[in-house]
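Here's a quick tour for anyone meeting this structure for the first time. Have a look at it, then read on.

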Amino acid sequence: LPQVPDIDHSQFGDVERVALSRIKKISGPRLQASWVNAPHVTQHDDADITKMDAVRKALKSDAEAMGIKMTPLAFIMKACVHALREFPDFNSSLDPDGEHLVMKKYFHLGFAADTPNGLVVPVIRDVDEKSVFDVAGELGDLAKKARDGKLQQKHMQGACFTVSSLGGIGGTAFTPIVNAPEVAILGVSKAEMKPVWNGQDFEPRLTLPLSLSYDHRVIDGAAAARFTRYLADVLGECRNLVM
Ligand code: CAO
């Protein structure tokens with residue numbers, strides 16, 4: 001690879017040299033490996049989550065009684081399983097021989113977690129077999145472990161697909177880097193109430209921006225558009241996401 005010029009910045013003003021965190025030293029080369037090996041494209045779409053959010057709010061107090069925070073991310077992860085089932089190529093990895101896909105029959109989903117020391121990706125196993133309460137509960141536990149620096153290797157292994165949610169922070173879209181050797185990652189931005197034309201009037205609808213980055217060696221653009229639309233429809237209908 002061509003090198004970035006090595007410049008002595010102190011010739012231009014005061015500087016301080018700070019060590020990278022252990023996590024950044026590990027995640028940096030992995031992100032770069034994915035970026036340079038997998039040709040990335042990002043597909044953007046919107047999901048109407050008005051109904052999903054009403055369901056989530058209705059479940060909130062039951063969840064709280066169980067000590068669980070019912071976050072939108074739990075519904076989104078459940079919806080991803082439906083889309084991965086419908087489009088199995090998204091639940092694969094490219095075999096190192098470059099001539100086969102390794103199709104996964106399980107649904108272990110990673111989620112990007114922001115911690116004081118950097119980005120980590122804990123994994124929730126068998127999301128297909130878990131209720132939205134179970135997924136929300138595990139999300140909360142793993143996110144806390146991540147923030148406290150208590151994740152073990154076993155908590156971060158075996159993911160088939162990753163969700164990176166910046167929805168709690170803000171933004172309208174971004175282009176996440178695929179967590180290789182996975183072949184796709186879903187970026188989620190902040191849901192906003194938007195006026196949507198229903199043929200007669202503008203209706204206020206809660207709109208969730210989705211950004212799906214994918215490895216173009218494995219996934220074609222049309223498949224990515226279909227996957228993202230399907231996911232948006234599953235979220236919109238909010239069927240089979242609770243249990
Ligand atoms: N739209 C609108 N609001 C959202 C939302 C969305 N898409 N997603 C979450 N929210 C809300 C939550 O409901 C919560 O509101 P209340 O407290 O009023 O209920 C608030 O935003 C904060 O949510 P959160 O971000 O703390 O919780 P979460 O379960 O959604 O996410 C976790 C958990 C671990 C994913 C998150 O804390 C985090 O680390 N996010 C950053 C991930 C990241 O860095 N990604 C980039 C990696 S590089 O590709």
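How far is a nitrogen atom of the ligand from a polar backbone atom of Ser189? The distance is 3.0 Å, and a polar contact here is a pair of N or O atoms within 3.5 Å.

## Before you dig in

This is a predicted model, where local features need pLDDT of at least 70 and side-chain atom pairs count only at pLDDT 80 or more, while totals for chains, interfaces and linings use all residues. Residues are numbered from 1 along each chain as its sequence is written, and side-chain values use heavy atoms, with hydrogens and water left out.

## Around the ligand

Ala191 also uses its backbone: one of its N or O atoms sits 2.8 Å from a ligand nitrogen. With Thr71, it's the side chain that takes part, with an N or O atom 2.8 Å from a ligand oxygen. On its own the ligand exposes 970 Å², and the protein buries 71% of that (Shrake-Rupley areas, 1.4 Å probe).

In total, 22 residues surround the ligand, each with a heavy atom within 4 Å of it. Thr71, Asp114, Ser164, Ser189 and Ala191 come nearest. By type, the shell splits into eleven nonpolar, six polar and five charged residues, with Gly counted as polar and Tyr, Cys and Pro among the nonpolar ones.

Helix H2 (50-65), helix H3 (72-86), strand S5 (113-115) and strand S8 (161-165) each chip in at least two shell residues. Helices (H or I, at least four residues) and strands (E, at least two) are DSSP runs, numbered from the N terminus.

Key:
Polar contact = N/O pair within 3.5 Å; in protein donor to acceptor, adjacent residues only side chain to side chain.
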